[in-house]
Amino acid sequence: MKVLIGGFVAESNARVKEYCELTSFMLKTGDEVAKALYVDDLFAAEGIEVIPAIYADGRAGGIVAKEAFDYIANQFIKAVKEHQHELDGMFFFLHGASHVQELSGGSGEHYIIREIRKIVGPYMPIAMVMDPHGNLSQEQADNCTIIRTFRHSPHTDRRECHRLVASLLIDLLNHRRNIHPVYRKVPVLLGGERTVSTDEPMVSINKMLDEIEKDERIMCCSYHIGYVRHDSDKCGASVIVVPNSEKDTAYANTKADEIAAFAFSKRHEFHFTGTALEPEDAVREVMAAKGKPCFITDSGDNCTAGGPGCNTFILRQFLALEDYAEKRILFACISDEGCANQLADYALGSTVSFDLGIDEDALSAKVSLIATILAKGELHHHYGDQTAIGSCVTVRLKDRPIDIVIAQKAVSFAEKAQYDYAGINMDYDVIVVKQGYLYPELKQAAKYFVMSLTDGATNQRTEKIKYQKILRPMYPIDAI
């Protein structure tokens with residue numbers, strides 16, 4: 001048997017000015033595709049040959065440029081056309097949060113599956129792994145055979161989910177039956193910072209999903225939180241239940257209704273995990289906290305959700321402090337490619353005067369600084385990514401107990417390895433990071449952490465984001 005595999009990842013934030021170009025994507029082909037999908041050994045163990053299309057990971061950023069998406073989509077479609085007469089099924093990771101320039105309907109994932117279905121017809125098995133922060137529709141459910149998301153946010157079960165879905169597809173290929181996912185729309189639109197899986201009500205929702213998946217009549221089920229950072233009729237939460245056989249479809253419909261009703265009944269319980277405060281209060285609280293390290297997250301400039309990482313707002317808050325209580329502060333990081341390139345020309349130990357901030361708006365206003373070059377290093381994304389995406393320079397400010405990692409690219413420093421790559425350590429009293437909820441490794445190390453409800457491209461209050469195309473009424477935008 002032969003299975004076509006591929007992946008497309010883009011969290012498209014419409015409030016980010018720069019388009020996500022092809023150069024923004026990490027592109028993998030050949031044997032690297034199966035490794036990126038965590039399934040290189042599973043299909044081989046069953047004697048199934050994998051045919052790689054492409055794995056394109058643009059992570060979070062702006063709207064996907066038309067030319068970039070055309071290239072990526074064509075790699076999928078070209079592979080399907082070339083191999084359609086020998087394929088037994090398909091396995092994809094399609095994140096669910098893309099929005100493509102000039103594309104009807106916006107969703108790149110929907111376009112890819114729609115075009116593939118036109119080629120292979122209605123019956124070829126297509127299994128799709130999704131991120132829970134992705135949007136779905138009835139059309140996508142109808143065009144797929146198996147759909148399942150990760151359970152957890154942050155995504156600690158990503159590899160486990162990929163391998164589960166691959167195993168389900170293998171079983172389906174060995175024991176063919178005519179099944180389709182059951183879909184329900186849930187009129188709730190909330191960002192990831194209010195839907196963390198280690199907190200209620202997601203703990204109860206996921207427990208319900210786990211119990212339903214134990215039933216032999218159900219292949220798998222998911223609650224899709226949805227994606228909030230662009231305007232689309234697909235935005236909002238969804239439920240997917242995949243029956244184990246055609247005769248289990250009625251039962252799957254019953255379970256889908258139960259999950260959707262339960263999740264909607266919990267809508268008023270969704271809340272920010274941990275301590276979330278207005279910016280002034282956040283700085284005051286973190287400076288008063290005991291022990292180290294303590295973290296403050298710049299949630300309105302969250303790079304993991306597409307924020308540009310360039311805002312100097314919290315830096316200016318700290319520069320305005322009169323008393324630092326003998327604490328040392330690290331900003332990891334602030335993105336300013338021009339400034340990073342300028343500082344890279346200076347030797348370690350040099351004292352330099354420079355302006356930091358791209359000055360696109362009030363949040364990214366320039367700040368004039370005098371500092372010593374403390375360290376130079378590489379930029380890496382989190383989740384253990386070993387590919388350097390740029391460089392960074394760390395400076396120590398004159399007359400202030402503040403160090404700043406100045407980066408060529410927007411990166412959220414979520415794991416210790418990223419600090420190591422940058423040539424710095426985490427031996428600080430306060431660390432300011434470009435995140436929303438604090439990522440697990442930092443959370444474990446933290447003596448205290450607070451999310452600052454800053455403004456910016458990743459504003460955490462759905463109620464403040466303008467939508468025109470979404471289903472209405474929708475909680476919490478509407479009082480339902």
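This is a short walk through the structure, one selection at a time. Keep in mind that you are looking at a predicted model.

**Stop 1: the cores**

Start inside. Select Phe43, Met90 and Phe91, the residues with the most contacts within the largest nonpolar core, which has 68 residues. Now colour helix 6, residues 158-174: this helix gives the core its largest share, eight residues. Then pick Val283, Cys294, Phe318 and Val352. They are among the 34 residues of another core that lies apart from the largest one.

**Stop 2: a charged patch outside**

Head for the surface and select Glu18, Glu21, Glu67 and Glu102, which gather there in a patch of negative charge. Zoom in on Glu18, and you'll find yourself in the loop between strand 1 (2-12) and strand 2 (26-28). Is Glu18 buried or exposed? It has a relative accessible area of 57%, and exposed means over 50%, so Glu18 counts as exposed.

**Stop 3: salt bridges**

Side chains of opposite charge can pair when their charged atoms come close. There are 31 salt bridges to find in this structure, and we'll visit a few.

Select Lys2 and Glu49 to begin with. They form a salt bridge whose closest N and O atoms are 3.9 Å apart. This pair ties together distant parts of the chain, as Lys2 sits in strand 1 and Glu49 in strand 3 (residues 49-61), 47 residues apart. Both ends are partly exposed: Lys2 has 23% relative accessibility, and Glu49 has 42%.

Next, try Glu32 and Lys35, another salt bridge, with 3.7 Å between the closest N and O atoms. Here you stay within a single helix: both residues lie in helix 1 (residues 31-36), three residues apart, or about one turn. Glu32 is partly exposed at 35% relative accessible area, and Lys35 is partly exposed too, at 47%.

Now select Glu213 and Arg148, whose side chains meet in a salt bridge of 2.8 Å, N to O. Where in the chain do the two partners of this pair sit? Glu213 is in helix 7 (residues 202-213) and Arg148 is in strand 6 (residues 146-149), so the sequence positions are 65 residues apart. Both Glu213 and Arg148 are buried. Add Arg151 and Asp210 to your selection, and you have one network, joined with Arg148 and Glu213 by salt bridges that share partners.

While you're at helix 7, click on Lys207, which is found there. This lysine is exposed, with a relative accessible area of 58%. Draw a distance from its C-alpha to that of Arg151: the two are 9.8 Å apart in space, though 56 residues apart in sequence.

**Stop 4: backbone oddities**

Switch to a view that shows the backbone. Go to Ser153 and Pro154, where the peptide bond is cis, with omega near 0°. Pro154 has its place in the loop between strand 6 and helix 6. A cis peptide bond also joins Tyr475 and Pro476, with omega about 5°. To reach Pro476, look in the segment after strand 18 (448-452).

Two residues with positive phi round off the backbone stop. Arg59, in strand 3, has a phi of about 50° although it is not a glycine. Asp399 is not a glycine either, yet its phi is about 65°. You'll find Asp399 in the loop between strand 15 (388-397) and strand 16 (402-407), and it counts as exposed at 64% relative accessibility.

Note on methods
Residues numbered from 1 in each chain as written. Predicted model: local features only at pLDDT ≥ 70, side-chain atom pairs only at ≥ 80, totals over all residues. Heavy atoms only, no water. Core = buried A, V, L, I, M, F, W, Y, C linked by side-chain atoms within 4.5 Å. Buried < 20%, exposed > 50% of the residue type's maximum accessible area, 1.4 Å probe, protein only. Helix = DSSP H or I, 4+ residues; strand = E, 2+ residues; numbered from the N terminus. Patch = residues over 30% accessible without salt bridge, like charges linked within 9 Å, V, L, I, M, F, W, Y side chains within 5 Å. Areas by Shrake-Rupley, 256 points an atom, 1.4 Å probe, with all protein chains shown as cover. Salt bridge = Lys/Arg side-chain N within 4 Å of Asp/Glu carboxyl O. Lys, Arg positive; Asp, Glu negative; His and termini not counted. Charge placed at Lys NZ, Arg CZ, Asp CG, Glu CD.
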